[in-house]
Every structure is written in structure tokens, then in C-alpha cells.
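Me: I would like to go through this model step by step, beginning with the overall fold and then turning to individual strands and residues. Please define each term as it comes up.

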Amino acid sequence: MSARDQHAEWMLLALTEARSALVSDDVPVGAIVVDAAGTVIGRGRNERERHQDPTLHAEVVAIRQAAVHTGDWHLTDCTLIVTLEPCVMCAGAILAARVPTVVFGAWDAKAGAVGSVYDVLRDRRLNHRVEVFAGVNDTECGKILREFFDDPARRAAR
């Protein structure tokens, strides 16, 4: 299987996590962390609304779970797959965990920190740089977000 096909397959798992966020009315973003063998060792979805915690983005939840699974915060042989381009906070968590590869779906023109607004993960001034694969299953990843934000009841509540 090609890397592109593998990334697309993993993104389907991240999309399942994103859909799970809808139950708690969280923005539908999902993430997984896989180890070098391709085994899922961390799963996350946005849980900010559910727990009233602004740091509970899908990436952070998945990274925390992966670190618990491995017993080590150094995730140096892992890949993070997430349905939306990471924000600055999540990019910082990715760098802190030493994740070498990130795969993301939809671009975030308002808060993206992996090429849209900022490019934190590849900033040469920092001590760690990340290989990035962008736009994987971007149509489906973007659709779930558009549907969420286009819902008139949801817009009125925010």
C-alpha cells in the first residue's frame, strides 16, 4: 500500500473520531496517533464543550493517550493524523511530543499553524521540524465542518 493510500485509510479513522465529537456539540475534529507499525495507540476528538476545557483539542487528546500507551512522552516513531490543520496550541504539543509526521485533512484559513496562517511545524528557528502531508481526504474533512457551522441552530448558540 502506498503512503498516500495509508494516509487516506488512517484519515477515515480520524473522521470517525470527528463524528463522535458531535454527540457533545463539540466542533467535529478527530485525530489518531499510530506507531511505526501502523497500530493506533491514541485517539482523540474535540472535547472542549464536553469538559469545558479549552485545551481539549483532538490532537492533544490523542497525543496524551499515545503517551500513556507508550509510557513515554517522546512519540518519535509515531504519526499524527487529524481531520483539520492543527492550530498553534496543537502544533506546540506536536513539537513538544517530538512527533515526526503529521497528516491532516482540511486547511484552516483562520487558525491553521501548519501552512495556512503560520507554519510552526516547519519553522527552522525551532529545534524540531515535522514532515507534513496536507489535504488528505480534504473534501470529506471539510464537509463535516461546514455542515456543523452551517447549522442555523448551532450558529445561534455560538
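Reply: Buried means under 20% relative accessible area, exposed over 50%, and partly exposed in between, with a 1.4 Å probe and protein chains only. This is a predicted model, in which local features need pLDDT of at least 70 and side-chain atom pairs count only at pLDDT 80 or more, while totals for chains, interfaces and linings use all residues. Residues are numbered from 1 along each chain as its sequence is written, and side-chain values use heavy atoms, with hydrogens and water left out.

Me: What percentage of the 158 residues in the protein chain is buried, and what is the radius of gyration of the chain?

Reply: Buried residues account for 46% of the 158 residues. The radius of gyration is taken over C-alpha atoms, and the globule rule is 2.2 Å times the number of residues to the power 0.38. For a chain of 158 residues a compact globule would come near 15 Å, and the protein chain agrees with this, at 15 Å.

Me: How many helices and strands does the protein chain have, and in which pattern do they follow one another?

Reply: Helices (H or I, at least four residues) and strands (E, at least two) are DSSP runs, numbered from the N terminus. On this basis the secondary structure comprises 6 helices and 5 strands. Along the sequence, the pattern is α-β-β-α-α-β-α-β-β-α-α.

Me: Which helix supplies the largest share of the largest nonpolar core?

Reply: A nonpolar core is a set of buried Ala, Val, Leu, Ile, Met, Phe, Trp, Tyr and Cys residues joined through side-chain atoms within 4.5 Å. The largest one has 42 residues, and those with the most contacts inside it are Met11, Val33, Leu80, Ile81, Ile94 and Leu121. Among the elements that each supply at least two residues are helix H1 (3-21), strand S1 (30-34) and strand S3 (79-84). The largest share, 5 residues, comes from H1.

Me: Which strands pair with S1, and how many bridges are there in each case?

Reply: Two strands pair if DSSP finds at least two bridges between them. S1 runs antiparallel to strand S2 (residues 40-45), with isoleucine 32 partnering arginine 43 in S2, and on S3 the residue opposite isoleucine 32 is isoleucine 81. The count is 5 bridges to S2 and, again in the antiparallel sense, 4 bridges to S3.

Me: Why is S1 described as largely enclosed, and which residues lie on its two faces?

Reply: S1 is largely enclosed by the rest of the structure because 5 of its 5 residues are buried. In a regular strand the side chains alternate between the two faces of the sheet. Here both faces are covered, with buried residues Gly30, Ile32 and Val34 on one side, and on the other Ala31 and Val33.

Me: Is glutamate 17 buried or exposed, and which residues does it contact?

Reply: Glutamate 17 is found in helix H1 and is buried, with a relative accessible area of 5%. Contact means heavy atoms within 4.5 Å. Leaving aside neighbours within four places in sequence, glutamate 17 contacts Gly30, Ala31, Ile32, Arg43, Gly44 and Arg45.

Me: What is the phi of aspartate 25?

Reply: Most residues other than glycine have a negative phi, and most peptide bonds are trans. Aspartate 25 is found in the loop between H1 and S1 and is partly exposed, with a relative accessible area of 32%. Although aspartate 25 is not a glycine, its phi is positive, at about 60°.
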